[in-house]
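These are my notebook entries on one structure. I set down what I looked up, entry by entry.

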Amino acid sequence: MARGHQKIQSQQKNAKKQAEIKKSKGHDQKTAAKAALVFTCGVCRSQMPDPKTFKQHFESKHPKSPLPPELEDVEA
């Protein structure tokens, strides 16, 4: 069993190793959420996760603008 100075060194080494592993994963909620936003409104540049939500947004926020062709066949 490690004692004293050796124990402290071991803890520091382990902490550094764990930080590198966490950094290399690069998975956090912010990047995952950003990757899920695939549809972008052409008028206001807001992003939506699916076409249904995109159509609802477009109909409520931009009623005077013509509906984009990719939303013609989507059911809201």
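Entry 1, contacts of a histidine. I take contact to mean heavy atoms within 4.5 Å. The model I consulted is a predicted one. I looked up which residues H57 touches, leaving out residues up to four places away in sequence, and I found C41, C44, S46, M48 and H62. H57 itself is found in helix 3. I noted that H57 is buried, because its relative accessible area is 14% and buried means under 20%. I also recorded that the side chain of H57 makes a polar contact with the side chain of H62, at 3.3 Å.

Entry 2, confidence. I looked up how sure the predictor is of this model. The mean pLDDT of the protein is 86, and 93% of its residues reach 70 or more. Among the elements, helix 3 has the highest mean pLDDT, 92, whereas helix 2 (residues 29-36) has the lowest, 80.

Entry 3, the cysteines. I asked how many disulfides there are by the distance rule. A disulfide is a covalent bond between the sulfur atoms of two cysteines. The count came to 0 disulfides. I then asked why C41 has no bond to its closest cysteine sulfur. That sulfur belongs to C44 and is 3.6 Å away, which is too far for a bond, because the pair would have to lie within 2.5 Å. From the side of C44, the closest cysteine sulfur is the one in C41, also listed at 3.6 Å and too far for a bond. I checked the accessibility of both residues. C41 is buried, with a relative accessible area of 0%, whereas C44 is partly exposed at 36%.

Entry 4, aromatic rings. I searched the whole structure for aromatic pairs and found 2. In the pair of F54 and F58, the ring centres are 6.3 Å apart and the planes stand at 90°, so the pair is edge-to-face. Both residues lie in helix 3, 4 residues apart, which is about one turn of the helix. Are F54 and F58 buried or exposed? F54 is buried at 2% relative accessibility, and F58 is buried at 3%. I noted further that ring pairs link F39, F54 and F58 into a cluster.

Entry 5, a threonine in helix 3. I located T53 in helix 3, which covers residues 51-61. T53 counts as partly exposed, because its relative accessibility is 31%. I also looked up its distance to C41: the two residues are 12 apart along the chain, and their C-alpha atoms are separated by 11 Å.

Entry 6, a loop residue. I found R45 in the loop between strand 1 (39-40) and strand 2 (47-48). R45 has a positive phi of about 65°, although it is not a glycine. I recorded R45 as exposed, because its relative accessible area is 61% and exposed means over 50%.

Entry 7, the database record. I consulted UniProt, where an unreviewed entry lists residues 39-61 as "domain: C2H2-type". In the model, that stretch is 48% helix and 17% strand. The C-alpha atoms at its two ends are 15 Å apart.

Notes
Residues are numbered from 1 along each chain as its sequence is written. Side-chain values use heavy atoms; hydrogens and water are left out. Buried means under 20% relative accessible area, exposed over 50%, partly exposed in between (1.4 Å probe, protein chains only). UniProt positions are given in the numbering used here, feature names are shortened, and annotations may be inferred rather than shown by experiment. pLDDT is the predictor's confidence in each residue, from 0 to 100. Rings of Phe, Tyr and Trp (its six-membered ring) pair if their centres lie within 6.5 Å; planes under 30 degrees apart count as stacked, over 60 as edge-to-face and the rest as tilted. A polar contact is a pair of N or O atoms within 3.5 Å; within protein, one must be able to donate a hydrogen and the other to accept it, and residues adjacent in sequence count only if both atoms are side-chain atoms.
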